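Here's a quick briefing to read with the model open beside you. It starts with one side chain, then works through the salt bridges, the sheet and the surface.

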Amino acid sequence: MEKELPERIPYDIWSNSQLSIAKYYGGIQYNGKHYILDYENCKKEVRDGKEFYYPDLVLESSLSRSERKKRKK
């Protein structure tokens, strides 16, 4: 039996796994569900004048309709 992923996958988990390809596409499709990178609610860090983001993967259907519409623009 296949284990179902949660609605939010923390950055520390997905970035060190096969799901890390999501960073190149802005999200990933897994078991018919679409997960997207949540840049709006992520940890941000500035080092040497450069910004670094650490977004979680979030199940797109768990976002409100207005959030989904805003992200597609």
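Lysine 43 is an exposed residue, since its relative accessible area is 52% and the cut-off for exposed is over 50%. Keep in mind that this is a predicted model. Lysine 43 has a salt-bridge partner in glutamate 45, with 3.8 Å between the closest N and O atoms, and that pair is a handy way into the rest of the chain.

**Salt bridges**

- The structure has 4 salt bridges.
- Glutamate 45, the partner of lysine 43, is partly exposed at 26% relative accessibility.
- Glutamate 45 also takes part in a salt bridge with arginine 47, where the closest N and O atoms are 2.7 Å apart.
- Arginine 47 itself is partly exposed, at 38% relative accessibility.
- Elsewhere, Arg8, Asp38 and Asp56 are joined into one network by salt bridges that share partners.
- Within that network, arginine 8 and aspartate 38 form a salt bridge, their closest N and O atoms lying 3.0 Å apart.
- Because arginine 8 sits in strand β1 and aspartate 38 in strand β3, this pair ties together parts of the chain 30 residues apart in sequence.
- Buried or exposed: what is aspartate 38? Aspartate 38 is buried, with just 1% relative accessible area.
- Arginine 8, on the other hand, counts as partly exposed at 35%.

**Overall layout**

- The chain has 73 residues, and its secondary structure adds up to 3 helices and 4 strands.
- Reading from the N terminus, the elements go β-α-α-β-β-β-α.
- Of the residues, 29% count as buried.
- The accessible surface is about 5,900 Å², and carbon and sulfur atoms contribute 49% of that.
- Taking contacts with a separation of 6 or more, 48% are between residues 24 or more positions apart.

**The sheet**

- The 4 strands make an open sheet in the order β1-β4-β3-β2, and the pairing is antiparallel.
- Which strands stand at the edges? They are β1 (8-9) and β2 (27-30); each has a single partner strand, so one side of each has no neighbour in the sheet.
- At one edge, β1 pairs with β4 (residues 50-59) in the antiparallel sense, over 2 bridges.
- One residue to look at here is isoleucine 9, whose bridge partner in β4 is leucine 57.
- At the other edge, β2 and β3 run antiparallel and are joined by 4 bridges.
- Tyrosine 30 has lysine 33 of β3 as its bridge partner.
- The hairpin of β2 and β3 has 2 residues between the strands, and asparagine 31 takes a positive phi there, near 50°.

**Tyrosine 39**

- Tyrosine 39 belongs to strand β3 (residues 33-47).
- With 41% relative accessibility, tyrosine 39 is partly exposed.
- Which residues does tyrosine 39 touch, leaving out those up to four places away in sequence? The answer is Lys44, Tyr53 and Pro55.
- Tyrosine 39 and tyrosine 53 are 14 residues apart in sequence, with a C-alpha to C-alpha distance of 7.2 Å.

**A nonpolar surface patch**

- Ile21, Tyr24 and Tyr25 come together as a nonpolar patch on the surface, and their accessible area is about 430 Å² together.
- Isoleucine 21 is in the loop between α1 (11-14) and α2 (22-25).
- At 42% relative accessible area, isoleucine 21 is partly exposed.

**How confident is the model?**

- The average pLDDT of the chain is 84, and 78% of the residues score at least 70.
- Where is confidence lowest in the chain? That would be helix α3 (residues 65-72), with a mean of 56.
- Confidence is highest in α1, at 94.

How values were computed. Residues are numbered from 1 along each chain as its sequence is written. This is a predicted model: local features need pLDDT of at least 70, side-chain atom pairs count only at pLDDT 80 or more; totals for chains, interfaces and linings use all residues. Side-chain values use heavy atoms; hydrogens and water are left out. Two strands pair if DSSP finds at least two bridges between them. Patches are made of residues with over 30% relative accessible area and no salt bridge: like charges are joined within 9 Å, nonpolar side chains (Val, Leu, Ile, Met, Phe, Trp, Tyr) within 5 Å. Accessible areas come from the Shrake-Rupley method with a 1.4 Å probe; for residues, only the protein chains shown count as cover. A salt bridge is a side-chain nitrogen of Lys or Arg within 4 Å of a carboxyl oxygen of Asp or Glu. Buried means under 20% relative accessible area, exposed over 50%, partly exposed in between (1.4 Å probe, protein chains only). pLDDT is the predictor's confidence in each residue, from 0 to 100. Contact means heavy atoms within 4.5 Å.
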